[in-house]
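Student: I would like to learn how to read a structural model feature by feature, with the general idea set out before each case. Could we work through it together?

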Amino acid sequence: MKKRTLILVTGAIAIATAAGFITRSSWMGGSSSAQAPQRPRTVSVEIAKAERKSVPVDVDANGTVTPISSVALKSRLETTIVAVHFEDGAKVNQGDLLFTLDSRQIDAQIEQAEGVLARDQAQLEGAQRDLRRFNDLVAKGATTQVNVDNARTQSDILTGTIKANQAALDNLKVQKSYTMIRAPFSGRISAANVKVGNFVRPADTTPLAVINQMAPVYVTFAVPQRVLVDLRESMAKGISTVTAMIPGHRRSETGKVAMVENTVDATTGMVTVRGIMANENETLWPGTLVATKLVIRSEDAIVVPTVAVQRSQSGNFVFVVKDGVAKVQPVTVDRTSQGSSVISEGLAGDENVVVDGQLLLSDGTRVEPRAKKAGA
């Protein structure tokens with residue numbers, strides 16, 4: 001019984017001690033309860049200027065590099081290859097000799113045609129002498145007009161024969177030229193599909209090699225039909241440009257719009273555009289997928305960093321800092337370009353907007369600028 005009473009007394013003392021600790025502020029002196037008034041909260045933020053500057057009106061798209069000229073070399077004769085004059089994948093110039101074909105049979109036919117032509121030319125000279133002789137004799141009454149007419153006919157026949165022989169000889173020389181296959185334009189040639197000793201003929205489906213023009217080249221891509229009107233106007237003024245970049249690389253090529261397809265794809269609402277690039281350093285390779293940027297024109301506009309634009313249920317807004325206080329300013333974003341947002345309504349330019357630290361802000365929060373982060 002005494003033990004139980006001791007436990008109850010001990011518990012009562014513990015409860016009284018805890019209650020006294022909790023309510024210490026009410027029974028301690030007034031100096032401990034007095035606290036200094038809280039200062040308004042100040043948030044450290046990073047700010048940037050809203051600027052009015054020239055901003056490009058552009059369209060990003062994926063494109064493909066295509067050669068302006070591409071030719072598959074084929075033989076126009078049934079013969080064999082006697083020489084290959086290039087290295088696989090080499091750069092060739094217009095007129096360079098690429099393949100030499102066996103021409104011995106054509107050489108023999110040319111010699112035969114030249115012999116026939118020489119024979120007929122000799123016969124023509126004899127017929128012309130006879131014609132002159134008969135003309136002299138008929139003037140003296142020593143022969144008849146029939147002999148003169150026959151001599152003139154023979155001379156005309158041989159003249160026609162010589163023309164036919166000359167044409168046959170010229171044709172053989174053209175055939176001979178087919179045995180020397182040359183580059184029709186400058187570019188890069190593929191690997192040779194045939195080597196020395198292979199028999200080739202016009203009916204072969206596999207080309208001897210393929211040449212692609214490398215400079216200049218086309219870049220083909222598609223843009224939405226909504227920009228078609230502006231694009232055509234800028235093309236007429238000569239102010240539109242196209243930039244093509246290989247993903248993952250910094251090197252790029254810039255050119256101009258060469259053509260716009262004459263129809264819009266009804267299924268996608270896109271229109272095909274083709275830009276032409278000088279590509280003197282062969283940065284763009286035919287068949288390569290590239291990221292293209294079509295710059296239609298440039299216009300003056302108010303821009304802010306895209307990170308400054310916040311979104312809410314009522315629309316886009318930015319925090320504008322004035323006199324050390326952040327205010328919510330609704331804005332209308334027209335488009336984004338290279339990490340900046342073009343503001344069509346809400347800002348006049350030259351305002352300070354918050355680009356980092358918005359999560360701690362509300363309308364009227366006091367702020368203090370801080371230095372930009374390293375590498376920002």
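Student: Which residues of helix 4 are buried?

Tutor: This is a predicted model, and the values we discuss are computed from it. An α-helix has 3.6 residues a turn, so residues three or four places apart point the same way. In helix 4, the buried residues are Ile106, Ile110, Ala113, Leu117, Asp120, Leu124, Gly126, Ala127 and Leu131, and what covers them includes helix 5.

Student: What span should the 37 residues of helix 4 have, and how far apart are its end C-alpha atoms?

Tutor: Because each residue is taken to contribute 1.5 Å, the 37 residues should span 54 Å, and the end C-alpha atoms are 55 Å apart, which agrees. Just after the helix comes glycine 141, whose phi is positive, near 75 degrees.

Student: Which residues of helix 5 are buried, and what covers them?

Tutor: Helix 5 buries Val148, Ala151, Ser155, Leu158, Ile162, Asn165, Leu169 and Leu172, and the cover over its buried residues includes helix 4, residues 104–140. The span can be checked here as well: at 1.5 Å a residue, the 33 residues of helix 5, residues 145–177, should cover 48 Å, and the end C-alpha atoms are indeed 48 Å apart.

Student: At what angle do helix 4 and helix 5 pack, and how far apart are their axes?

Tutor: Two packed helices are described by the angle between their axes and the distance between the axes. Here helix 4 and helix 5 pack at an angle of about 160 degrees, with their axes 8 Å apart. Angles over 145 degrees count as roughly antiparallel, and helix 4 and helix 5 are therefore roughly antiparallel to each other. As for handedness, helix 4 passes helix 5 in a left-handed crossing.

Student: Is alanine 118 buried, partly exposed or exposed?

Tutor: Alanine 118, which lies in helix 4, is partly exposed, with a relative accessible area of 43%. Its C-alpha atom is separated by 9.4 Å from that of asparagine 165, although the two residues are 47 residues apart along the chain. Asparagine 165 is one of the buried residues of helix 5.

Student: Let us turn to the strands. What is the order of strands in the open sheet of 4 strands, and which are its edge strands?

Tutor: Strands of a sheet pair through backbone hydrogen bonds, either parallel or antiparallel. In this open sheet the order is 7-6-4-9, with antiparallel pairing. The edge strands are strand 7, residues 180–182, and strand 9, residues 199–200, each of which pairs on one side only. Strand 6, residues 97–101, is joined to strand 7 by 3 bridges in the antiparallel sense, and phenylalanine 99 stands opposite isoleucine 181 in strand 7.

Student: Which residues stand opposite each other where strand 21 pairs with other strands?

Tutor: Strand 1, residues 42–49, pairs with strand 21, residues 352–356, in the antiparallel sense over 4 bridges, and glutamate 46 stands opposite aspartate 356 there. Strand 21 also runs antiparallel to strand 17, residues 315–322, to which 2 bridges join it, and in that pairing valine 321 stands opposite asparagine 352.

Student: Is serine 340 buried or exposed, and which residues does it touch?

Tutor: Serine 340, in strand 20, residues 340–345, has a relative accessible area of 18% and is buried, because buried means under 20%. Leaving aside residues up to four places away in sequence, serine 340 touches Val303, Val304, Pro305, Thr306 and Arg335.

Student: Which residues here have an unusual backbone, in phi or in the peptide bond?

Tutor: Most residues other than glycine have a negative phi, and most peptide bonds are trans. Asparagine 279 has a positive phi of about 55 degrees although it is not a glycine, and glutamate 282 likewise has a positive phi of about 55 degrees without being a glycine. Asparagine 279 sits in the loop between strand 14, residues 270–277, and strand 15, residues 289–305, and glutamate 282 also lies in the loop between strand 14 and strand 15. Asparagine 279 is buried, at 0% relative accessible area, and glutamate 282 counts as buried at 15%. For the peptide bond, a cis bond joins alanine 215 and proline 216, with omega about 0 degrees, and proline 216 is in the loop between strand 10, residues 209–212, and strand 11, residues 217–224.

Technical notes:
Residues numbered from 1 in each chain as written. Predicted model: local features only at pLDDT ≥ 70, side-chain atom pairs only at ≥ 80, totals over all residues. Heavy atoms only, no water. Pairing = 2+ DSSP bridges. Expected span 1.5 Å × (residues − 1). Buried < 20%, exposed > 50% of the residue type's maximum accessible area, 1.4 Å probe, protein only. Contact = heavy atoms within 4.5 Å. Axes fitted to C-alpha atoms, helices over the stretch in contact; angles between N-to-C directions. Parallel < 35°, antiparallel > 145°, perpendicular 65-115°, else oblique. Left-handed = near helix turned anticlockwise from the far one by under 90°.
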